[in-house]
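Hi everyone, thanks for coming. Today I'd like to talk about empty space in a protein, so get comfortable and have a look at the screen.

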Amino acid sequence: MVKRFLGFVGLMALALSNISSAQAQETIYVYGPGGPAPAMKEAAAVFEKETGTKVEVTAGPTPKWIEQAKTKGDIIYSGSENMMTDFTFQLDGQIKSDQVIPLYLRPMAILVRPGNPKKIKGFEDIIKPGVKVLVVQGAGQTGAWEDIAGRLGNIQTVQSLRSNIVDYAKNSALAKKAWIDQPDIDAWLIYNIWQVANPKLADVVEIEPQYAIYRDVGVVLTQRAQANAQSKAFIKFLQSEQGEKIFVKWGWKAN
């Protein structure tokens with residue numbers, strides 16, 4: 001009788017363990033930067049509503065989530081190719097560069113104060129003397145301001161922009177804080193999606209085609225999620241027409 005009882009307890013423990021594992025698989029853990037987060041979180045909410053699979057998106061500056069992602073992450077997304085490459089080194093082999101999927105692009109743009117009091121019409125206006133410019137130097141925008149200024153191979157353009165930069169923020173969140181804290185800044189070089197997500201904070205001015213640059217959002221399965229059908233399904237959803245519409249709504253470009 002005792003043996004039968006112990007056997008029953010063992011079977012119950014195994015069953016509960018299987019239930020616990022199944023429940024754990026019902027949550028997909030996604031990590032990445034703040035820029036693509038509004039679109040990623042909306043996509044996660046729609047996917048969860050349609051499939052019943054919870055998608056938990058943790059977004060923000062890399063130090064906020066990188067350690068947790070090493071042990072818990074199923075999907076990693078980036079804000080640029082250079083950022084994703086950095087992640088391949090930082091995540092201790094959990095993601096492979098040949099498995100990365102670039103999804104959508106967004107352009108660099110100029111954010112100006114509401115109403116555009118300086119009447120800035122494009123990039124050539126922010127390299128004029130006396131214009132105070134904020135840039136992001138880090139995360140998914142490493143070297144972005146230099147790429148724009150150097151597009152035409154004119155060193156004087158690079159010199160002019162550098163002389164106007166009054167703040168080099170380490171990431172977009174810190175740049176947003178600087179924009180709020182320093183109202184004398186006239187222009188903020190950053191991706192257009194930040195204005196879409198913060199329409200009351202700034203107006204947007206497009207950069208002239210000859211200076212325009214784009215960087216992407218990409219996704220990749222971690223090694224622990226390679227056999228996770230739900231994680232794979234979410235990535236397929238991001239690539240789908242439905243996922244594309246969500247990203248386009250938030251300022252991204254599909255083609």
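I'll take you through two pockets, one after the other. Keep in mind that this is a predicted model.

How do we look for gaps in the first place? Rolling a probe the size of a water molecule over the atoms shows where empty space is left.

Okay, so how much space lies in the largest pocket? It's about 420 Å³. There are 24 residues lining that pocket, and if you want to find its centre on screen, go to Thr62, Met83, Ala139, Gly140 and Asn171, which are the closest to it. Four helices, α3 (62–72), α4 (81–90), α8 (172–181) and α9 (193–197), each give two or more residues to the lining. Which one gives the most? That's α4, with four residues.

Now, where do these residues sit in terms of domains? Domain 1 (27–102 + 215–248) and domain 2 (105–212) each supply at least three residues to the lining of the largest pocket. As for chemistry, you'll find eleven nonpolar residues, ten polar and three charged there.

On to the second largest pocket, which has a volume of about 220 Å³. Its lining includes Pro107, Met108 and Ala109, and also Glu206, Ile207, Glu208 and Pro209. Two strands, β4 (101–112) and β8 (203–206), give two or more residues each, and β4 gives the most, with three. And the chemistry here? Eight residues in this lining are nonpolar, one is polar and three are charged.

That's my tour, thanks for listening!

Terms used: Residues numbered from 1 in each chain as written. Predicted model: local features only at pLDDT ≥ 70, side-chain atom pairs only at ≥ 80, totals over all residues. Heavy atoms only, no water. 1 Å grid on protein atoms, 1.4 Å probe; cavity = no way out; pocket = protein on both sides within 12 Å on 5 of 7 lines; lining within 4 Å. Points joined across faces, edges and corners; volume = space filled by probe spheres on them. Nonpolar A, V, L, I, M, F, W, Y, C, P; charged D, E, K, R; others polar. Domains from an automatic or database assignment.
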